[in-house]
Amino acid sequence: MAVRTAVRLDPVTGKKIPPPVSPKPVRMTATRLTKSDIKPPPAPPPSSGTKSAEEELDALTDLLVKNLENTGDPDFFGMCSKCGQKVSGEGTGCNAMDKLFHIKCFVCNICGCQLTGKVFYKVEDQALCEADYMATLEKCWVCVQVITDRILRATGKCFHPDCFKCEVCHKKLDGVQFTVDNFNKIHCIEDYYRKYSPRCAACNQLIVPDEGQEETIRIVSMNKDFHVKCYICEDCQAPLSSEKGGSGCYPLDGHLLCQDCNTIRVQKMTAELDAKPARPLTTEL
């Protein structure tokens, strides 16, 4: 039986599962600009890596020229990062995501609502209002609620870490081993062993993998299950399994025996039969 760990392998796809991640960006707020915010033209924003060197140089040169052209304007704040026009006058611009925008230009990338003074989220360099951001999040398979914090992926589904539990004993499985039965139910290893593992006919203990192992060997003999270590001759305790260097099992009357002990028992049984007195012959008239 193979076991799984919630942050390692997906029992359905067999692909690696990344550790729980946080899909929730930092909550941000755009602030309006006032005259106290007027300063020398800001440094050009870093390159996004999507433009060629020539295009990047042209854009930076154009920005520098525009900043220099407006240095005489006492209400000049800088150039809008969206429309490329100057932001001039108190209350017309805002700072957000380390950039400068016109208030009318800084809007949600999905619904277009203005974001100045509101909570928004930066997702892949895009600004989203709180409602649209929440709509992009995945829902937990168990509680069907939006996952706003850590997200745990397993068995091809998404879970809150607190919702990913054994379906029988309800033990939390975040970061621990689990397995899936034939009915696609999630079990902790302990519960799965209790429910599905066979018991050794010799010691009556469950046949489960050793600590740190994912699989174990079960020996079936005489329609019974045995640990490898328990699969020994009942008379001389010699191992019978080839895993332990044994030469095989020679059962007799339901007993596990090696070849030598089997021979000894057969000889003893034969001698006992030979020692019994012959039954007298009688004739009834």
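Colleague: In the open sheet that includes E6, what order do the three strands have?

Modeller: Bear in mind that this is a predicted model, where local features need pLDDT of at least 70, side-chain atom pairs count only at pLDDT 80 or more, and totals for chains, interfaces and linings use all residues; pLDDT is the predictor's confidence in each residue, from 0 to 100. Residues are numbered from 1 along each chain as its sequence is written, and side-chain values use heavy atoms, with hydrogens and water left out. Strands (E) are DSSP runs of at least two residues, helices (H or I) of at least four, both numbered from the N terminus, and two strands pair if DSSP finds at least two bridges between them. Pairing in this open sheet is antiparallel, and the order is E3-E6-E7.

Colleague: Which strands are at its edges?

Modeller: An edge strand here pairs on one side only. E7 does pair with E6, antiparallel and through four bridges. The edge strands are E3 (31-32) and E7.

Colleague: What is the bridge partner of Asn95 in E7?

Modeller: E6 and E7 run antiparallel, with four bridges joining them. Asn95 has its bridge partner in E7, and that partner is Leu100.

Colleague: His102 is in E7 too, so is it buried or exposed?

Modeller: Yes, His102 lies in E7, residues 99-102. Leaving aside neighbours within four places in sequence, His102 has contacts (heavy atoms within 4.5 Å) with residues including Cys80, Cys83, Val87 and Cys94. Buried means under 20% relative accessible area with a 1.4 Å probe on protein chains only, exposed means over 50%, and partly exposed lies in between. At a relative accessible area of 10%, His102 is buried.

Colleague: And the largest nonpolar core, which strand gives the most to it?

Modeller: A nonpolar core is a set of buried Ala, Val, Leu, Ile, Met, Phe, Trp, Tyr and Cys residues joined through side-chain atoms within 4.5 Å. This one has 21 residues, of which Phe101, Phe106, Leu115 and Phe120 touch the most other members. At least two residues come from each of E6 (93-96), E7, E8 (119-123) and E9 (126-129). With three residues, the strand that gives the most is E9.

Colleague: How many residues are in the second, separate core?

Modeller: In general, nonpolar side chains of soluble globular proteins tend to be buried together. Members of this second, separate core include Cys200, Leu240, Leu256 and Leu257, and its residue count is 15.

Colleague: In the sheet with order E2-E8-E9, by how many degrees are neighbouring strands turned against each other on average?

Modeller: This is an open sheet with antiparallel pairing. E2 (27-29) and E9 each have a single partner strand, so one side of each is left without a neighbour in the sheet. Axes are lines fitted to C-alpha atoms, for helices over the stretch in contact, and angles run from 0 to 180 degrees between N-to-C directions. With direction ignored, the average turn between neighbouring strands is 50 degrees.

Colleague: Which residue in the turn between E8 and E9 has a positive phi?

Modeller: E8 and E9 are joined by four bridges and run antiparallel, with Val123 opposite Gln126 in E9. They form a hairpin with two residues between them, and the turn residue with a positive phi, about 50 degrees, is Glu124.
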